[in-house]
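User: Please take a close look at a single part of this structure. I would like to see how its pieces sit against each other.

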Amino acid sequence: MKLTRLDLDGAGSPSALVTRILAAEPDLPIPVPVEELCTCLDIIAIRELETEGFEAALVTDVLKASGAILVAGNRSRQRRRFSIAHELGHFLIPLHLPPADGPLLCSAKHLGMHDVKHADRRRRMEAEANRFAALLLMPPPALRAELQQVRRLSLGDIVRLADSFDVSKEAMARACVDYSREAIAVIVAREGKMLRCYRRDGLFPWIAVAPGQPVPAGSVGSDRLPEGKASAIETCEPELWLDLRDAGKVAAMTEQVLWQRSGFALILLNAEMRDEDEDETEAVDRRWQGRL
Ligand SMILES: [Zn+2]
């Protein structure tokens, strides 16, 4: 690789940095060789550390001439790759400076933050590092090209793409929500309760089931299936997940669930939205009459 930090000069945001990296390395292979990239970009060591309470850390000084990345041991390869990319993000984003008294320590919670506009500076920083990691490991041009080949996204596609980009299924599901043109949402549940959901504003309606609430009875996600096996794609009533007004905007909805280890499940919702010029109230009435 020919990439050096000079290629990134002047780039400050996650997307600007990844754009420069992709421009300097147009033939970057998939899965992205994140540790090799680190070496090109002045990360002199990547080490595992057995410490409770944090997932990854960046050791550097305020001048950031070079850095070292520490990652928690005993994690999946995908988790390790994401953690390394996240710390590389902190290292390359000029405004992300380590505290004066030691390394920048990132917890599992930090690695799940996604609100880049959050009022709290640290949370914003973590969300930016996560955004950098997602863009780097799933470069938008490569992911878009893959998604263009898919007609109706299924959990099977998400699992296949996660394997080929060597990222976790949840990270890939999130990226698919961001880049797919379909109205999809992904719900992460554990032991039958909603944990979090990913949807794109303006494309998929608000999900009325709040974190902590049970997966609605009647959803495919309420039946426990063997780990690692995706269910069939089933049609479902939009009212299971949406409030009545939003449900009226949906012409048809399908659900699919994939159970994972430790009681985790991914539920993919795929909506076909009604034409906007149709009258909403009429559609709601029609839906309800159809149910009686
Ligand atoms: Zn961090």
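What follows is a walk through one helix pair and the sheet beside it. How do the axes of helix H6 and helix H7 cross, and which residues make the contact? Then, in what order do the five strands of the open sheet run?

Analyst: Keep in mind that this is a predicted model. Start with the two helices. Helix H6 covers residues 155-165, and helix H7 covers residues 169-179. Their axes come within 9 Å and cross at roughly 110°. Angles of 65 to 115 degrees count as roughly perpendicular, so H6 is roughly perpendicular to H7. The crossing of H6 past H7 is right-handed.

Now look at the residues that touch. H6 brings Ile158, Val159, Leu161, Ala162 and Phe165 to the contact. H7 brings Lys169, Met172, Ala173 and Cys176. By class, eight of the contact residues are nonpolar, one is charged and none is polar.

H7 also leads to the sheet. This helix lies across strand E5 (183-190), E6 and strand E9 (264-273). Relative to E5, H7 runs at about 155°.

The sheet itself is open and has five strands. Their order is E6-E5-E9-E8-E7, with antiparallel pairing. Strands of a sheet pair through backbone hydrogen bonds. The edges are strand E6 (193-199) and strand E7 (234-235), and each pairs on one side only.

Finish at the E7 edge. Two bridges join E7 to strand E8, residues 250-259, and the two strands run antiparallel. Take Glu234 as an example: its bridge partner in E8 is Glu255.

Definitions and conventions: Residues numbered from 1 in each chain as written. Predicted model: local features only at pLDDT ≥ 70, side-chain atom pairs only at ≥ 80, totals over all residues. Axes fitted to C-alpha atoms, helices over the stretch in contact; angles between N-to-C directions. Helix = DSSP H or I, 4+ residues; strand = E, 2+ residues; numbered from the N terminus. Parallel < 35°, antiparallel > 145°, perpendicular 65-115°, else oblique. Left-handed = near helix turned anticlockwise from the far one by under 90°. Contact = placed C-beta atoms within 7 Å. Nonpolar A, V, L, I, M, F, W, Y, C, P; charged D, E, K, R; others polar. Pairing = 2+ DSSP bridges.
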